[in-house]
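Please open the model in a viewer and keep the sequence panel visible. The stops below are meant to be selected in the order given.

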Amino acid sequence: MSEQVKVGLIGLGMMGKPMALRILGGGYPLTVFDVRPEPIKELVDAGATSAGSPKEVAERCDVILTSLPTIKACEAVYFGDTGLLKGARKGQVLVETSTVPPHIVRRVADEAEKLGVGAIDAALLSRTKFHPGLSQLKSFEVVAKGQLTVMIGGKPEDIEKARPVLSTFADPLFEMGPIGSGVLIKVLNAALTHAYFAIACEVMAVARKSGIDLRKLEEIFRNTSAYSGALNNNMPHYLETGKGKMMSIESAIKDSEAILEVARELNIPLLMQSVNHAYYEMALQKGGSRESAWDGELMKLWEGFIGQDMRFDQ
């Protein structure tokens, strides 16, 4: 199978690059594209072939994955003048792994279907505390081990075409239903994780201001019902180093806007998520960079509220 199927991957960022290396390691001929020359060179040196546009990737490959940072980038890659759909042909499968609103992947699937092309969404998530040895790793490190959790939306026949490729960097894979189902799960997961972390920031701020030892408090929470990945896997990194470890504020805002958009479509008010979204905007107003890790910037926001450093041993 790996010798017969030609794979393309567009977007060689934090997740895309290790995905590409795993696909190469699985024996698949791989064609890559990115707007930056540096990761392209790294992948070519590893055995991949480069393309000059998404259209060119589509003209060469059978299964094509995209891993893109923004909705704007996604729309350009699929619908632009040199986009994937300009070079797509019958029998191919497009695999969107970016975190975008479900309506985006449904639009991709609708346009692809007119060309006889399949499309699925494959949303990527890291493991939890229930997988020892993985919970402390960053997402791209979990990709490198081939052990991401993937939720897939789309037609069964399209999923089966892409499954062997996805299996080079992911285990387990869950079929969730129609197109858009996988990314919806990812959006819901992000909403929960980010809300947990915002609450954890508030709790830690109260604890610091009250003079409680944060190191001991984190250990206590690790062994009680207060445990969460956001609190006990992500926050200790900031408390030790004063730096965030998660994705950028720009990406967090994208995820937050996605869940709010879905809720508006369903006419469901999301009070807590709306507040959480405002925290990101506030962090930017306080001088945070859109490229900075969102968890670090939120911690700095609360440090500003209480006028104290919240790192361990401070």
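Begin by selecting helix H6, residues 102–114, in this predicted model. At 1.5 Å a residue, its 13 residues should span 18 Å, and the end C-alpha atoms lie 19 Å apart, which agrees. Now colour Pro102, Ile104, Val105, Val108, Ala109 and Ala112, the buried residues of H6. Viewed down the axis of H6, these buried residues fall within an arc of 160 degrees, so they line one face of the helix.

Which elements does that face meet? The buried residues of H6 pack against helix H4 (71–79), helix H5 (84–87), strand S5 (93–96), strand S6 (118–125), helix H9 (181–209) and helix H12 (249–266). Step past the end of H6 to glycine 116, which takes a positive phi of about 75 degrees just after the helix.

**The cavity**

Next, display internal cavities. How many cavities of 30 Å³ or more are there? The count comes to one, and the largest cavity has a volume of about 40 Å³. To show its lining, select Tyr78, Leu94, Val95, Glu96, Val105, Val108, Ala119, Ile120, Asp121 and Ile179. S5, H6 and S6 are the elements that give two or more residues to this lining. By class, the lining of the largest cavity comprises eight nonpolar residues, no polar residues and two charged residues. Val105 and Val108 thus appear in two selections: they are among the buried residues of H6, and they are also among the residues lining the largest cavity.

**The second largest pocket**

Turn to the second largest pocket, which holds about 210 Å³ of space. Its lining consists of 15 residues, and those nearest the centre are Glu113, Val117, Gly118, Lys155 and Asp158. The elements that contribute two or more residues to this lining are H6, S6 and helix H8 (156–166). Colouring the lining by class shows four nonpolar, five polar and six charged residues.

**Helix H9**

Select H9, a helix of 29 residues. An expected span of 42 Å, at 1.5 Å a residue, agrees with the 43 Å between its end C-alpha atoms. Two residues in this helix merit separate selections.

Lysine 186 lies in H9. Is its side of the helix buried or exposed at this position? With a relative accessibility of 15%, lysine 186 counts as buried, since the cut-off for buried is under 20%. Leaving aside neighbours within four places in sequence, lysine 186 is in contact with Thr99, Ala123, Leu124, Leu125 and Met151. Draw a distance from its C-alpha atom to that of isoleucine 259: the two are separated by 9.6 Å, although they stand 73 residues apart along the chain.

Phenylalanine 197 also lies in H9. Its relative accessible area is 0%, and phenylalanine 197 is therefore buried. Residues up to four places away in sequence not counted, phenylalanine 197 touches Ala230, Asn234, Met235, Trp294, Asp295, Leu298 and Met299. Its C-alpha atom is separated by 40 Å from that of alanine 58, which is 139 residues away along the chain. Beyond the helix, select glycine 211, which follows H9 and has a positive phi near 85 degrees.

**Helix H12**

Move to H12, whose 18 residues should span 26 Å at 1.5 Å a residue; the end C-alpha atoms are 26 Å apart, which agrees. Its buried residues are Ile249, Ser251, Ala252, Ile253, Lys254, Asp255, Ser256, Ala258, Ile259, Leu260, Val262 and Ala263. These residues pack against H4, H6, H9, H13 and helix H14 (294–306).

**Two backbone details**

Most residues other than glycine have a negative phi, and most peptide bonds are trans. The last two selections depart from these patterns.

Where is asparagine 267? It lies in the loop between H12 and helix H13 (271–285). Phi of asparagine 267 is near 60 degrees, a positive value in a residue other than glycine. Asparagine 267 is exposed, with a relative accessible area of 70%.

Finally, select aspartate 171 and proline 172: the peptide bond between them is cis, with omega near 10 degrees. Proline 172 belongs to strand S8, residues 170–177.

Key: Residues are numbered from 1 along each chain as its sequence is written. This is a predicted model: local features need pLDDT of at least 70, side-chain atom pairs count only at pLDDT 80 or more; totals for chains, interfaces and linings use all residues. Side-chain values use heavy atoms; hydrogens and water are left out. Helices (H or I, at least four residues) and strands (E, at least two) are DSSP runs, numbered from the N terminus. The expected span of a helix is 1.5 Å times one less than its number of residues. Buried means under 20% relative accessible area, exposed over 50%, partly exposed in between (1.4 Å probe, protein chains only). The arc is that of the directions from the helix axis to the C-beta atoms. Contact means heavy atoms within 4.5 Å. On a 1 Å grid over the protein atoms alone, a cavity is a set of points where a 1.4 Å probe fits but cannot get out, and a pocket is an open set with protein on both sides within 12 Å along at least five of seven lines; lining residues have an atom within 4 Å of a point. Grid points are joined across faces, edges and corners, and a volume is the space filled by probe spheres set on the points. Ala, Val, Leu, Ile, Met, Phe, Trp, Tyr, Cys and Pro count as nonpolar, Asp, Glu, Lys and Arg as charged, and the others, Gly among them, as polar.
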